[in-house]
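Here's a quick tour of a protein chain for you to follow along with. Keep the structure open and find each part as it comes up.

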Amino acid sequence: MGEIKNDGSRTTQPSRPRSRRSGTGPILVVVGGVTVFSLLMAARTGFFLAPPLHPPPPPVTDYGTTTTGGAASAPACLDRSRYTLPEDDGWKNIVTEWWTGPAPGLPGDEKTTVVLIGYSPARTPNFEKILPAYGAMVGTVDRVLLLWNNQEECPPPVPASTPVPIYVLPQRTNSLNNRMGPDVARYSRTRSLLHVDDDLLLSQPFIRKMVHAWATHNSNGLVGCASEPRYASSHLGIYGRVPPIGVNNPKLGKMVQNVVLTRSAMVGRTWIAPYWNHTAMRAHVDAEMNCEDIMLSALVRSGNGGHDPVYVEVTEKEWREELGTGRSAGLSHSTDGGEWLKRRKECVMKAPEFFGKDVW
């Protein structure tokens with residue numbers, strides 16, 4: 001499928017700087033990859049804001065010669081041409097809201113992109129609840145991308161005319177790597193991505209809390225939910241849940257959570273290219289059908305100096321609801337939990353081969 005550059009663009013399609021007025025926001029004039037607005041803000045505040053990372057979309061050849069998500073014999077409901085997709089207009093897809101987001105001295109109204117992976121038709125009742133909810137989160141969510149991995153069954157119906165657009169994207173393969181794949185690079189246009197499982201509903205205040213934590217404390221790292229942190233150590237050969245952050249264990253020493261589950265994880269869009277271009281790591285994830293979150297955590301740690309993730313607390317106001325429908329269909333809810341955990345530990349041990357012996 002070709003490589004995605006660090007800015008998200010394809011090696012076969014150079015970017016074309018353009019300018020556009022988005023809504024009532026400012027006109028962004030791109031000069032050598034830097035906007036005039038950015039230069040003005042630097043002069044005013046003393047801080048330089050990096051240009052937005054919104055590349056041209058990857059070529060359609062990402063999905064072969066057909067418009068179906070899977071094989072040519074796939075049912076008509078997996079034909080991508082049946083779904084409304086964002087325009088293929090590259091740099092015109094610039095979201096300007098983040099320029100007034102949580103940068104130094106500026107208010108916090110930055111948006112994010114919700115990325116969902118769906119597979120099981122049994123979870124249709126979940127989608128009937130979560131899609132309208134995310135589709136109503138104006139001011140917090142820019143777009144909802146539903147990546148449908150099932151190669152034989154149809155995706156759930158999508159509510160029409162939601163304030164926040166929802167896009168169904170049938171995938172060519174049933175792969176957990178699709179979370180950080182070409183469709184996400186192509187159709188997201190915010191600095192951050194919010195990966196959420198289809199058996200969870202995150203409240204708008206909780207998402208806002210994640211966005212704020214990511215933008216102000218860890219925009220080069222990961223943000224997760226404090227109720228499900230995980231600790232990985234290839235030196236000790238362990239993976240699992242540990243006590244609250246910083247608790248000391250006489251045998252293991254100080255344990256700090258360093259893995260964020262993609263059940264609800266926020267990560268920068270800039271990590272799509274390093275993830276997707278690491279073909280050996282993606283092959284391992286596909287072979288195991290597991291541990292894309294462990295590999296993403298290791299990748300980010302290897303690229304940001306080993307910084308630990310930031311975790312945000314669930315509160316009565318900033319809530320996260322577990323949805324029961326179809327939970328048994330998920331990998332993490334497999335009846336053979338011991339085998340699943342064993343495979344997770346094996347992924348922890350494998351990560352140093354890809355990202356260095358000290359990645360954990």
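**Two sulfur links and a sheet**

C291 and C347 form a disulfide, with their sulfur atoms 2.2 Å apart. Keep in mind that this is a predicted model. The chain has 360 residues, and 51% of them are buried. Its secondary structure adds up to eight helices and 17 strands.

**The C291–C347 link**

- A quick reminder: a disulfide is a covalent bond between the sulfur atoms of two cysteines.
- Look at the twist about the S-S bond: at -65 degrees, the link of C291 and C347 is left-handed.
- What does this pair tie together? C291 is in the loop between α6 (279–288) and α7 (292–303), while C347 belongs to helix α8 (residues 337–355), so the link connects parts that are 56 residues apart in sequence.
- Are these two cysteines buried or exposed? C291 is buried, with a relative accessible area of 0%, and C347 counts as buried too, at 1%.

**The C77–C154 link**

- By the distance rule used here, the count comes to two disulfides, and the other one joins C77 to C154, with 1.9 Å from S to S.
- This link is left-handed as well, with -90 degrees about the S-S bond.
- C77 sits in the loop between α1 (36–45) and β5, and C154 in the loop between β6 and β7, so this pair ties together parts that are 77 residues apart in sequence.
- C77 is buried because its relative accessible area is 12%, which is under the 20% cut-off.
- C154 comes out as partly exposed because its value is 39%, which falls between the 20% and 50% limits.
- Count the bonded cysteines along the chain and you get the pattern 1-2, 3-4.

**The loop between α6 and α7**

- Which residues of this loop have a positive phi? M289 is one of them, with phi near 50 degrees, and C291 is another, with phi near 65 degrees.
- Why point them out? Most residues other than glycine have a negative phi.
- M289 lies in the loop between α6 and α7, and so does C291.
- M289 counts as partly exposed, at 25% relative accessibility, whereas C291 is buried at 0%.

**The seven-stranded sheet**

- Find the open sheet of seven strands, which has mixed pairing and the order β7-β6-β5-β8-β15-β10-β16.
- Which strands sit at the edges? They are β7 (166–170) and β16 (310–312), each of which pairs on one side only.
- On average, neighbouring strands in this sheet are turned by 25 degrees against each other, ignoring direction.
- Zoom in on β6 (residues 141–148): this strand pairs with β7 in the parallel sense, over five bridges.
- For L147, the bridge partner in β7 is L169.
- Now look for helix α2 (residues 124–135), which lies across β5 (112–118), β6, β7 and β8 (192–196). The helix runs at about 150 degrees to β6.

**The whole chain**

- Take the contacts between residues at least 6 apart in sequence: 75% of them join residues at least 24 apart.
- How much accessible surface does the chain have? The total comes to about 15500 Å², and 54% of that belongs to carbon and sulfur atoms.
- One more cysteine to look up is C225, which counts as buried at 2% relative accessibility.

Note on methods
Residues numbered from 1 in each chain as written. Predicted model: local features only at pLDDT ≥ 70, side-chain atom pairs only at ≥ 80, totals over all residues. Heavy atoms only, no water. Pairing = 2+ DSSP bridges. Helix = DSSP H or I, 4+ residues; strand = E, 2+ residues; numbered from the N terminus. Axes fitted to C-alpha atoms, helices over the stretch in contact; angles between N-to-C directions. Contact = heavy atoms within 4.5 Å. Disulfide = S-S within 2.5 Å. Buried < 20%, exposed > 50% of the residue type's maximum accessible area, 1.4 Å probe, protein only. Areas by Shrake-Rupley, 256 points an atom, 1.4 Å probe, with all protein chains shown as cover.
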